[in-house]
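Colleague: Please put up the sequence and the model. I would like to go through some local points afterwards.

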Number of protein chains: 2
Amino acid sequence: MHRSKVLITDLVDNLLVNGLVEAGMDVDYHKDITQLEVNNIIHEYSGIVITTKIGLTEDVIAKAENLKWIARAGSGMDHVDVKAATEKRIACIVSPEGNAGSVGEHCVALLLSMLRQIPEANSSTKAFTWQTDKYRVTELAGLTIGIIGYGHTGPAFAKRLQGFDVKVIAYDKYKMQFEDSFATKVEMEELFERSDALSIHLPLTVETRNMIDTAFINRFKNNIYFINTSRGHIAPNRTLIDALNSGKIKQAAIDVVDNEDFDLLTPKEQSVQRELLAHPSLIATPHVAGKSSITRKRHAEVLLAKILAHSGL
Amino acid sequence: MHRSKVLITDLVDNLLVNGLVEAGMDVDYHKDITQLEVNNIIHEYSGIVITTKIGLTEDVIAKAENLKWIARAGSGMDHVDVKAATEKRIACIVSPEGNAGSVGEHCVALLLSMLRQIPEANSSTKAFTWQTDKYRVTELAGLTIGIIGYGHTGPAFAKRLQGFDVKVIAYDKYKMQFEDSFATKVEMEELFERSDALSIHLPLTVETRNMIDTAFINRFKNNIYFINTSRGHIAPNRTLIDALNSGKIKQAAIDVVDNEDFDLLTPKEQSVQRELLAHPSLIATPHVAGKSSITRKRHAEVLLAKILAHSGL
């Protein structure tokens, strides 16, 4: 029998490497490989493991004549041409379960940080002032939290809100019913009507790109708190700046921006992104929501199981 | 019947003022009154409502010849000589229920802010860098959270940890059993043995002052995350600096310090407090945990009910 040849293109937990080897595959583990190198050798492989570093566009997939599966440690597949892969019957394997809990925690951290002005209160106090009257906090209790997208991270966030005496409502275009009771399923109209805060949990697709525009934001009845741990382009920089300036978004907390490779920004894009990040009503973290110290291991476990299942092993 | 005369010494919600008046009491509402003024007129009153601004030391209580009750909006009574009051059969009424939820939320906010380096990651990102590899986060899931003091704010914190896949253990010297299932009751030995994080929920008393000293901290098996939303003097500045420097406390997040009136610090005390607040492994907020926008109303509701019950109304 012809042995499967697998290329691993970024740092992964050893249990994935060892698991594939034990399953009889030949593994080339090149964690520092570049995109150009991948493009040149991808035709040799029947499987490839990627993170966000390596993109698999249509032209790369066209060269991947032996490829049977793409395994992505994580969930976002916006850098892979899934349609082209599917047409070539290449399986796309993801591990959204690997970091959903960490993302859910991060959303609570961001929400409470906004409501309690933690970064600003911390800065002022560490600078040796004690402005106890300036930083009166807003309670989470009593608020209604709206979630759009109820796949893996949405429920993980909702689960963590259980103890806070909040109402959690969620909309998911592609789910007929929810498998848990952490959130109440609603239509978008009701979500616009009731939400005090909005957190989006969506993949970046043709459908969701620029989905959160000014018209969308203005449909909310209340001025809202906004959280984005998904992808910047779903709620673009410009939309957020305008909504923060108008007050329709009271405060925003984001883990993603339009372009996270700052070197690739045009001067105009850089100016907008800088304006957003510097906004006084915005809290930002550098795409770390799902990157806890143990998510790498979980991604490895999930991917290994799915790769072996796909390979009939 | 002789009408009761009540002095209110700080801003309170109107429902307390109106409720006392409707119950037939004469209310003097002097929200800007000074300590000296209180000392001079307290003998006229059968009831007094205070926050932290007015202290009722033994000599003040000695003058309060008609006083039947002291109502404190909040929970800490370290500025009231409860023993002297009790000896004069003056009832001490507190409203810990008023802000327990807000304090519980703040503890979660502080814990997640430490584990996810929110203030530091936010500062670096707002300064237009995107250091996604620097700020790898630590998950709360899987940790064991130790709570000392399981009165009102302890359970409020434990309740809010329900959805996070953590173990919550608590010690309370004066409680034979807990009325909820948010935490497992343990002895101190077990708390020292198992905790990954410690949050204290204690009043400042002769017994708890300086309770958290270096010897106490060193009894923990693990290096710990530490949260103090109670009173600074329970875990003094100097202890925290030493434990942060030794690494026994990995990170601390505090809402209280030894002396929150910075004008009253000696040069030596100021130097120590400044060293603590500036410590890179410390997050601090200026005693705002319980000061949400709605706690004033809740304090008023709770105090009114208790005052009327005490007065047999």
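Colleague: Which residue with a positive phi follows α6(A)?

Modeller: Helices are DSSP runs of H or I of at least four residues and strands are E runs of at least two, numbered from the N terminus. Just after α6(A) comes a residue with phi near 65 degrees, and that residue is F128(A).

Colleague: What pLDDT do side-chain atom pairs need in this predicted model?

Modeller: Residues are numbered from 1 along each chain as its sequence is written, chains are lettered from A and ligands numbered from 1 in the order in which they are written, and side-chain values use heavy atoms, leaving out hydrogens and water. The model is predicted: totals for chains, interfaces and linings use all residues, local features need pLDDT of at least 70, and side-chain atom pairs count only at pLDDT 80 or more.

Colleague: Which residues of α6(A) are buried?

Modeller: Buried means under 20% relative accessible area, exposed over 50%, and partly exposed in between, with a 1.4 Å probe and protein chains only. In contact terms (heavy atoms within 4.5 Å), the buried residues of α6(A) pack against α5 and β12 of chain A and against α5, α6, α11 and β12 of chain B. They are I118(A), P119(A), A121(A), N122(A), S124(A) and T125(A).

Colleague: How are α6(A) and α6(B) oriented to each other?

Modeller: Axes are lines fitted to C-alpha atoms, for helices over the stretch in contact, with angles from 0 to 180 degrees between N-to-C directions. The two axes come within 9 Å and cross at roughly 95 degrees. Under 35 degrees counts as roughly parallel, over 145 as roughly antiparallel, 65 to 115 as roughly perpendicular and the rest as oblique. α6(A) and α6(B) are therefore roughly perpendicular.

Colleague: How many charged residues are in the contact of α6(A) with α6(B)?

Modeller: I118(A), P119(A) and N122(A) meet I118(B), P119(B) and N122(B) there. Ala, Val, Leu, Ile, Met, Phe, Trp, Tyr, Cys and Pro count as nonpolar, Asp, Glu, Lys and Arg as charged, and the others, Gly among them, as polar. The contact has four nonpolar residues and two polar ones, and the number of charged residues is no more than none.

Colleague: How far apart are the end C-alpha atoms of α11(B)?

Modeller: The expected span of a helix is 1.5 Å times one less than its number of residues. For the twelve residues of α11(B) this gives 16 Å, which agrees with the end C-alpha distance of 16 Å.

Colleague: Within what arc do the buried residues of α11(B) fall?

Modeller: The buried residues are V272(B), Q273(B), L276(B) and L277(B). They line one face of the helix, because the directions from the axis to the C-beta atoms fall within an arc of 130 degrees.

Colleague: Which exposed residues are on the face of α11(B) turned away from its buried side?

Modeller: The buried residues of α11(B) pack against α6 of chain A and against α10, β11 and β12 of chain B. The face turned away from them carries P267(B) and K268(B).

Colleague: Which residue of chain B is in contact with Q273(A)?

Modeller: Q273(A) lies in α11 of chain A and is buried, at 0% relative accessible area. Leaving aside neighbours within four places in sequence, its contacts include N237(A), F262(A) and, from chain B, F128(B).

Colleague: What is the relative accessible area of R89(B)?

Modeller: R89(B) has a positive phi of about 60 degrees without being a glycine. This residue sits in the loop between α4 and β5 of chain B. R89(B) is exposed, at 74%.
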